[in-house]
Amino acid sequence: MNFPQELKRLVPVKLRVIRSNAIHALRRDSAYYEHEGRREFFQKAFRGLQFNGIPGDYAEFGCCGAMTFRLAYAAARQCAHSARLWAFDSFQGLPPQAGQADSHPMWVEGDMSMSLKDFRSVCASVGMKESDYTAVAGFYGDTLEPAGLSTPNRPDRLALVYIDCDLYSSTVQVLQFLAPRLRHGMVVAFDDYFCTSADAVSGERLAMLEFLDGQTDFAFLPYLPIGWHGMSFIVENRRLLNRAAHGEKV
Ligand SMILES: C[S@@+](CC[C@H](N)C(=O)[O-])C[C@H]1O[C@@H](n2cnc3c(N)ncnc32)[C@H](O)[C@@H]1O
């Protein structure tokens, strides 16, 4: 069949429009489900912490956009959990990849950046007061001391930790900061636990595997998944675990 010249010209354009609408709709749907997965996680996690009587602060590592920060705030308030919030971010986007273990097509230096001023106005737009949270601006190499509880103006009693800094090297720094702050019953969550490289174990998962290898005092009980991409754990004191398993003999 012979299409008139005009129709021939129009069909590909129309197809292109349909295709681009479909891609747009797919992206919108995935963004919606990813948001919902996180919202569900925060509601369940804060409900569990409240139910089990585990007080303490909420610390988020990787906060640009303030999406998860706002979800955490809303869930804590909804569950009547008194967590104070901490936001740790460079507010300049991702640092450069530091090696193979950071390698991922989505983690590009300088991406995902939001100024501290914009972060504060997004938080204010949902009714958060500056007294509800502390924002610690800077790269983790400068803002998180490698060990100990010595730096003033840092949280020392945490109930929920949300690690969303994508890179292996950043997650290693966060886990070093967390090590002396681990407590029985707290929740540690990784937004990108299942975002790994095609040909190697990398990213947040690798950082966690290495961290677990050196952990003698605490175990991590798999808890709630976060959408398709993240995973959370409940921290358990090994001494209490052994006592539960073997009675008072330990
Ligand atoms: C995926 S974004 C966080 C998204 C945020 N949780 C949300 O829901 O809107 C990752 C963030 O991690 C931060 N980040 C990664 N590595 C960092 C480092 N070493 N020091 C400070 N911030 C870092 C980046 O600045 C970026 O804002």
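Two strands are taken as paired where DSSP finds at least two bridges between them. With that in hand, the sheet of this predicted model can be followed strand by strand. Phe190 offers a convenient way in: the bridge partner of this residue in β7 is Met231. The two strands involved, β5 and β7 (residues 230–237), pair in the antiparallel sense over four bridges. Looking from β5 towards β4, Phe190 stands opposite Ile163, and here the pairing is parallel, again over four bridges.

These pairings belong to an open sheet of seven strands, ordered β3-β2-β1-β4-β5-β7-β6, in which the pairing is mixed. The edges are formed by β3 (133–137) and β6 (218–226), each of which pairs on one side only. On average, and with direction ignored, neighbouring strands of the sheet are turned by 15 degrees against each other. Elsewhere in the sheet, β1 (residues 57–61) and β2 (residues 85–89) run parallel and are joined by four bridges. One of the residue pairs here brings Glu60 together with Ala87, its bridge partner in β2.

Helices lie across several of these strands. Helix α5 (residues 168–178) lies across β1, β2, β4 (158–163) and β5 (187–190), and runs at about 170 degrees to β4. Together, β4, α5 and β5 make a right-handed β-α-β unit. Helix α3 (residues 116–125) lies across β2 and β3, with an angle of about 160 degrees to β3. In a regular strand, side chains alternate between the two faces of the sheet. For β5, both faces are covered: Val187 and Ala189 are buried on one side, and Val188 and Phe190 are buried on the other.

Strand β7 also holds Ser232. This residue counts as buried because its relative accessibility is 0%, with the cut-off for burial set at under 20%. Its side chain reaches the backbone oxygen of Leu224 at 2.6 Å. Beyond its neighbours within four places in sequence, Ser232 is in contact with Val187, Val188 and Ala189, as well as with Phe41, Leu221, Pro222, Tyr223 and Leu224.

A second buried polar residue is worth a visit. Arg38 is found in helix α1 (residues 5–51), and it counts as buried because its relative accessibility is 11%, where under 20% is required. Residues up to four places away in sequence aside, Arg38 touches Met67, Thr68, Leu71, Tyr162, Asp191, Ile226 and His229.

Thr68 leads on to the ligand, which is surrounded by 22 residues; the closest are Cys64, Thr68, Asp89, Asp164 and Ser170. Several polar distances can be given for this site. An N or O atom in the side chain of Asp89 is 2.7 Å from an oxygen atom of the ligand. A nitrogen atom of the ligand lies 2.8 Å from a polar side-chain atom of Ser170. The backbone takes part too, with an N or O atom of Ala66 lying 3.4 Å from an oxygen atom of the ligand.

Terms used:
Residues are numbered from 1 along each chain as its sequence is written. This is a predicted model: local features need pLDDT of at least 70, side-chain atom pairs count only at pLDDT 80 or more; totals for chains, interfaces and linings use all residues. Side-chain values use heavy atoms; hydrogens and water are left out. Axes are lines fitted to C-alpha atoms, for helices over the stretch in contact, and angles run from 0 to 180 degrees between N-to-C directions. Contact means heavy atoms within 4.5 Å. Buried means under 20% relative accessible area, exposed over 50%, partly exposed in between (1.4 Å probe, protein chains only). A crossover is right-handed if, with the strands pointing away from the viewer, the path from the first strand over the helix to the second runs clockwise. A residue is near a molecule or strand if one of its heavy atoms lies within 4 Å of it. A polar contact is a pair of N or O atoms within 3.5 Å; within protein, one must be able to donate a hydrogen and the other to accept it, and residues adjacent in sequence count only if both atoms are side-chain atoms.
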